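Hi,

Here is the structure I promised to pass on to you. Have a look at it first, and then read on for what turned up when I went through it.

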Amino acid sequence: MNFNVGDVLSPRYDMLLVVLSYIISVLGSYAALAHTKRLYRPDGTINRSMAAGAAVALGGVGIWSMHFVGMMGYRLPLRVVYDGFWTLISLIAAIVIAGIALLLAGSGGQFSKRGWLLGSVLAGVGVCVMHYMGMYAMNLRADMTLDPLLVLVSFVIAFTASAAALWLAFHVRKTWHRVLASLTMGLAVCAMHYTGMQAAEFVCVASKSPPILSIGGHYLSQLVFLVVGLVLVYLLWNVLAPPESTASGNRSLGRMNDASHALQK
């Protein structure tokens, strides 16, 4: 199909990818809640393994991966590739912001209302910045404009979703509560994402210069699902492995280091 300069592109959605984006968000949210339960040790110090896992689960899987799969499900009648640099920056931003927000809300192992509010604002703004950064990473023969009202609505949804996610992370204890909370968090993240997508309008232009590093191709969705699946398997192992297994692994690593030092002497 040929498009002239100034033509408005009409998007459609691949409903399979829309459903999968929700499932990914739910799984990431559940993994984040499971990690947050052990975010702090009894003495109030941070469990770095759990903190990293929670940040990756919430920011990298529950938010960013949902966002990227949702972007792939947003079909335009022109070929779309993604700027690799901005895509990577948006992933790193999502993970870092999620980690900081969780630490703010649970400062010292105790839920803090002040930290919760600060973390909610930070996470809400961060999620929106990540989302629109990802949208601007789309490279195609069209210019994108945004509806300011829908952008504002997406910010409100992002703040509300972030506040709910951070509160649930430190107040949900039972497994079935975590399941319900994950379903709710996934719905909120998807609501923000698809509201933001609805705010966009793409107008055809004569040409666009390609990015230096582009991401695209027929196997992109399969690659994304493979990576997300492997990350989720690791996160599941990380949170379900009994503490004695981790301690045993640490002792083994310590003995290896001691043997190495002895050989060097």
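A question to start with: is Y74 buried or exposed? Bear in mind that this is a predicted model. Y74 has a relative accessible area of 4%, so Y74 counts as buried, the cut-off for that being under 20%.

**Aromatic pairs**

The structure contains 7 aromatic pairs. In one of them, W64 and F68 are stacked, with 5.2 Å from centre to centre and 5 degrees between the planes. These two residues sit 4 residues apart in helix 2 (residues 48-72), about one turn of the helix, and both are buried. Y74 belongs to another pair, with F202: here the ring centres are 6.1 Å apart and the planes stand at 50 degrees, so this pair is tilted. It ties together distant parts of the chain, since Y74 is in strand 2 (residues 74-75) and F202 in strand 6, 128 residues apart. F202 has a relative accessible area of 2%, so F202 is buried as well. Y74 and F202 also join Y13 and Y194 in one aromatic cluster.

**Strand 6 and its partner**

Strand 6 covers residues 200-204, and F202 lies on its covered face together with A200 and C204. The uncovered face carries E201 and V203. Strand 6 pairs with strand 5 (residues 142-146) in the antiparallel sense, over 5 bridges. Within that pairing, V203 is the bridge partner of D143.

**The core**

F202 turns up again in the largest nonpolar core, which has 65 residues. L9, M72, L102, M138, L140 and F202 are the residues with the most contacts inside this core. Helix 2 gives the most to it, with 12 residues. If you want one residue to click on here, try M138: leaving aside residues up to four places away in sequence, M138 touches M71, Y74, L76, V80, V81, Y82 and F202. That list includes both rings of the tilted pair, Y74 and F202.

**The three-stranded sheet**

M138 also has a place in a sheet. Strand 3 (residues 81-83) and strand 4 pair in the antiparallel sense over 2 bridges, and M138 in strand 4 is the bridge partner of Y82. Helix 3 packs on the sheet, where it touches strand 3 and strand 7, and its direction makes about 65 degrees with that of strand 3. The sheet itself is open, has 3 strands in the order 4-3-7, and pairs in the antiparallel sense. Strand 4 (138-139) and strand 7 (214-215) are at the edges with a single partner strand each, so one side of each has no neighbour in the sheet.

**A serine in helix 3**

One more residue for you to look at is S90, which lies in helix 3 (residues 84-105). Is S90 buried or exposed? Its relative accessible area is 1%, so S90 is buried. What does the side chain of S90 have for polar company? A polar contact of 2.9 Å joins it to the side chain of W64, and a polar atom of the S90 side chain lies 2.7 Å from the backbone oxygen of T87. Setting aside residues up to four places away in sequence, S90 touches W64, M130 and M133. W64 will be familiar by now from its stacked pair with F68.

Happy browsing, and write back with any questions.

Best wishes

Note on methods
Residues are numbered from 1 along each chain as its sequence is written. This is a predicted model: local features need pLDDT of at least 70, side-chain atom pairs count only at pLDDT 80 or more; totals for chains, interfaces and linings use all residues. Side-chain values use heavy atoms; hydrogens and water are left out. Buried means under 20% relative accessible area, exposed over 50%, partly exposed in between (1.4 Å probe, protein chains only). Two strands pair if DSSP finds at least two bridges between them. A polar contact is a pair of N or O atoms within 3.5 Å; within protein, one must be able to donate a hydrogen and the other to accept it, and residues adjacent in sequence count only if both atoms are side-chain atoms. Contact means heavy atoms within 4.5 Å. Axes are lines fitted to C-alpha atoms, for helices over the stretch in contact, and angles run from 0 to 180 degrees between N-to-C directions. Rings of Phe, Tyr and Trp (its six-membered ring) pair if their centres lie within 6.5 Å; planes under 30 degrees apart count as stacked, over 60 as edge-to-face and the rest as tilted. A nonpolar core is a set of buried Ala, Val, Leu, Ile, Met, Phe, Trp, Tyr and Cys residues joined through side-chain atoms within 4.5 Å.
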